[in-house]
Amino acid sequence: MTRRAPVVLSVLAHPDDAEILCAGTLLRLAAVGCELHIATFTAGDCGSMELAPEAISRMRRSEALAAAELAGARYHCLEELDLLLFYAPKPLRKTVSLLRSVRPDIVLAHSPADYMPDHEMASLLVRAACFNAAVPNLFPRAGAPALDHIPHLYYCDPIEGKDSLGRDVPPDMVIDIASVLDTKAAMLACHASQRDWLASQHGMDQYIEAMRAWAKHRGAAIGSAAAEGFRQHLGHGFPQDNALTKLLA
Ligand SMILES: [Zn+2]
């Protein structure tokens, strides 16, 4: 790791995914001096039953920005479309360009297996981009010069900790987030368009309560009130040491 402050980038599919899956860990990393970036592939254009895509996207970009600001993070949107995220040259180019401009030491991505294809595609795009951003002849004019390293890559828990067949996906490590859980909840509450929609569907604050219940479930594994689970990508070429747990030790 370089001498500048470590740079941490989460790249997940939709606005609010980071707040659900990894915001607690991001907050803890900020507390030890890391520079934070939160990116989403889409602006959440399908996240409303009433508003047109442009209107809900505008609202959700500003909600994501407000949530990122609570963590002191910079927000990036790659402007792909909900339910239409594919492993293809255009989104890969955008992801490589993002990595080359942010130059992260640590990247957080979706689980390769999740309930939702957008999440699985996002995971594959980020995994490929982590490797490919260091290949100068790929998209030579995308963003800044090629990376001189492959970042540490971690996969968040899938939603509800299950793959698309309903099987449990156990984490390799759980990060204690009890000290920042309320701030994580405040970040999630910034996504008012989604929270209100779910509240009217369920008649309760399902959005925040589900996040808190999951954090409590993961926390139980380490005797903490709240935690987030991760797995590290340890494929060929990727760093093998655990930068995340080292920073938060
Ligand atoms: Zn999502």
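I will walk through the sheet of this structure first, and then through some of its helices. Please keep in mind throughout that this is a predicted model.

Let us begin with the sheet, which is open and has seven strands in the order β3-β2-β1-β4-β5-β7-β6, with mixed pairing. At its edges stand β3, residues 74-80, and β6, residues 173-176, each of which pairs on one side only. On average, and ignoring direction, neighbouring strands of this sheet are turned by 25° against each other. To take one pair in more detail, strand β5, residues 152-156, runs antiparallel to strand β7, residues 227-232, and three bridges join them; within this region, Cys-156 stands opposite Phe-230 in β7.

Moving to the helices, α3, which covers residues 53-70, lies across β2 (35-42) and β3, and runs at about 155° to β3.

How is helix α5 placed, enclosed or not, relative to the rest of the structure? Of its 16 residues, 13 are buried, so α5 is largely enclosed by the rest of the structure. Its length is also as one would expect, because at 1.5 Å a residue the 16 residues of α5, numbered 117-132, should span 22 Å, and the end C-alpha atoms are indeed 22 Å apart.

Finally, I would like to show a pair of helices, α6 (residues 181-189) and α8 (residues 206-220), which pack at an angle of about 150° with their axes 10 Å apart, in a crossing that is right-handed. On the α6 side, the contact involves Leu-181, Ala-185, Leu-188 and Ala-189, which meet Tyr-207, Ile-208, Met-211, Arg-212 and Ala-215 in α8. These contact residues divide into eight nonpolar, no polar and one charged.

Note on methods
Residues numbered from 1 in each chain as written. Predicted model: local features only at pLDDT ≥ 70, side-chain atom pairs only at ≥ 80, totals over all residues. Axes fitted to C-alpha atoms, helices over the stretch in contact; angles between N-to-C directions. Helix = DSSP H or I, 4+ residues; strand = E, 2+ residues; numbered from the N terminus. Left-handed = near helix turned anticlockwise from the far one by under 90°. Contact = placed C-beta atoms within 7 Å. Nonpolar A, V, L, I, M, F, W, Y, C, P; charged D, E, K, R; others polar. Expected span 1.5 Å × (residues − 1). Buried ≥ 20, exposed ≤ 12 C-beta atoms within 10 Å, placed from the backbone. Pairing = 2+ DSSP bridges.
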